[in-house]
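Open the model in your viewer and keep the sequence panel visible. The tour goes from one selection to the next.

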Amino acid sequence: MPELPEVETIRMGFEKYLVGKTIEDVEVRLPKIIQSGNIKNLVGGKIIKIRRFGKVLVLDLDYKLSLVVHIKLTGQFIYQGPDRPKESEISKKYVGNVPNRFTHVIIKLKSQNSKVKSGQTSFLYYNDIRQFGWIRVVPTDEVEKSPFIDKLGPDPIRLSSQVTLTLDNFRQILESKKTAIKVLLMDQKKIGGVGNIYANDALFLAGIDPRRPAGKLLSHEAMKLYWAIIEVLKRGLKYGGATEANYVNILGEPGGYQKHFLVYGKENQPCPNCGGKIIKTRINGRGTYFCPHCQK
DNA sequence: CTTCACGCCTGTCAGC
DNA sequence: TGCTGACAGGCGTGAA
């Protein structure tokens, strides 16, 4: 499911294929996806920069307007254009033809960069099966104080976001909290970008029981967990994200991290460390996987 | 202040 | 075969 590594993979795809292109037209098929602002105001703007804040993507246009997107659980961006790699070179496993019945927004782009012959058109399709995702049009200088982004905690991975989670920062977040550590890791107001998959795997890597009160972690455990979070996010990124249901990058390719899950989704399967059974429980209504032998 | 259930949606899968 | 219900998870909301 889309968490920091998946969204960052999309961001890199946008950087590669969208920067330098001009928005020629926007078609909205499901108006509720556009939560605020007038998307038609983007027409004529040139995409100059792609940013990410936690799980939120921001496309900055040259005339001080930005497209802000949260793809939530089932959002997909699919790019179709003359500068795509040959179809034989990419995996299309999860994406059929676009547009399809889940395509809610279509952005028509005009190429103006040197990679593609000037004037050629390409398309960016936004698909979202469950329609939880949202798109907002916000003036660029107001993006950081716009709803949701304004409350987002620091990001554990540098790359593109502006605030980085430091170890001191992380320790302060845990301090004297009674909340289960896993709940805290997934709280976007505390840390930006970590969701269920990476929270489960980070806690396993750090050898910490997800149910433990955050404030009760010992100093060395907090440090271990801090590095474990960064490590699992980096692994996710290395494999192009995790495809559980329908996450794909902007070419329509699935990620590969699902083949390298440590404990997530592995109920009753052997622990990669001790070989014991991984158990599944629920914390705050979320599926939680851990090895009771290795995680204390 | 925190915690927790629910709503938003639809696809998928287990069980009957 | 077809129906029903549980489940998936991000986040806002409102009640406890």
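A polar contact here is a pair of N or O atoms within 3.5 Å. By that cut-off, Lys-55 makes such a contact with DNA strand C, because an N or O atom in the side chain of Lys-55 is 3.3 Å from a phosphate oxygen of the strand. Keep in mind that this is a predicted model.

**Stop 1: DNA strand C**

Stay with DNA strand C and select Tyr-264. A side-chain N or O atom of Tyr-264 is 2.4 Å from a phosphate oxygen of the strand. Next select Arg-286, where the partner is a base nitrogen of DNA strand C, 3.4 Å from an N or O atom in the side chain. Strand S10 (279-283) and strand S11 (286-290) are the elements that give two or more residues to the surface near DNA strand C.

Which residues come nearest to DNA strand C? Of the 18 residues around the strand, they are His-70, Leu-73, Arg-130, Lys-280 and Arg-282. Of the atoms of DNA strand C that come within 4 Å of the protein, 60% belong to sugar and phosphate. Coloured by class, the surface near DNA strand C shows six nonpolar, five polar and seven charged residues.

**Stop 2: DNA strand B**

Now select DNA strand B and the residues around it: Lys-32, Arg-101, Phe-102, Ile-129, Arg-130, Gln-131, Phe-132, Thr-179 and Asn-284. Sugar and phosphate make up 65% of the atoms of DNA strand B within 4 Å of the protein. By class, the surface near DNA strand B has three nonpolar, three polar and three charged residues.

Three side chains can be picked out here. Lys-32 has a polar side-chain atom 2.3 Å from a phosphate oxygen of DNA strand B. Gln-131 also reaches a phosphate oxygen of DNA strand B, at 3.3 Å. For Arg-130, a polar side-chain atom lies 2.3 Å from a base oxygen of DNA strand B.

**Stop 3: Asp-201**

Move to helix H4 (residues 196-206) and select Asp-201. What is the nearest side chain of opposite charge to Asp-201? It is Arg-235, 6.9 Å away; Asp-201 is buried yet has no salt bridge. A salt bridge needs a side-chain nitrogen of Lys or Arg within 4 Å of a carboxyl oxygen of Asp or Glu, so the 6.9 Å to Arg-235 does not qualify.

Look instead at Val-263: its backbone nitrogen lies 3.0 Å from a polar side-chain atom of Asp-201. Show the contacts of Asp-201 as well; among them are Val-232, Tyr-257, Phe-261 and Leu-262.

**Stop 4: Salt bridges**

The count of salt bridges comes to 16. Start in helix H1 (residues 4-17), where Arg-11 and Glu-15 lie four residues apart, about one turn of the helix. Their side chains meet in a salt bridge, with N to O at 2.8 Å. Arg-11 is buried at 6% relative accessibility, whereas Glu-15 is partly exposed at 40%.

Next select Arg-212 and Glu-221, whose closest N and O atoms are 2.8 Å apart in a salt bridge. Buried or exposed? Arg-212 counts as buried at 18% relative accessibility, and Glu-221 is buried at 15%.

Finish in helix H5 (residues 219-238), where Glu-231 and Arg-235 are four residues apart, about one helical turn. Their salt bridge is 2.7 Å, N to O. Glu-231 is partly exposed, with a relative accessible area of 32%, and Arg-235 is partly exposed at 25%. For a last selection, take Glu-8, Arg-11, Glu-15, Arg-52 and Asp-155, which salt bridges with shared partners join into one network.

Definitions and conventions: Residues numbered from 1 in each chain as written. Chains lettered and ligands numbered in written order. Predicted model: local features only at pLDDT ≥ 70, side-chain atom pairs only at ≥ 80, totals over all residues. Heavy atoms only, no water. Buried < 20%, exposed > 50% of the residue type's maximum accessible area, 1.4 Å probe, protein only. Lys, Arg positive; Asp, Glu negative; His and termini not counted. Polar contact = N/O pair within 3.5 Å; in protein donor to acceptor, adjacent residues only side chain to side chain. Contact = heavy atoms within 4.5 Å. Near = heavy atom within 4 Å. Nonpolar A, V, L, I, M, F, W, Y, C, P; charged D, E, K, R; others polar. Lists of a residue's contacts leave out its neighbours within four places in sequence.
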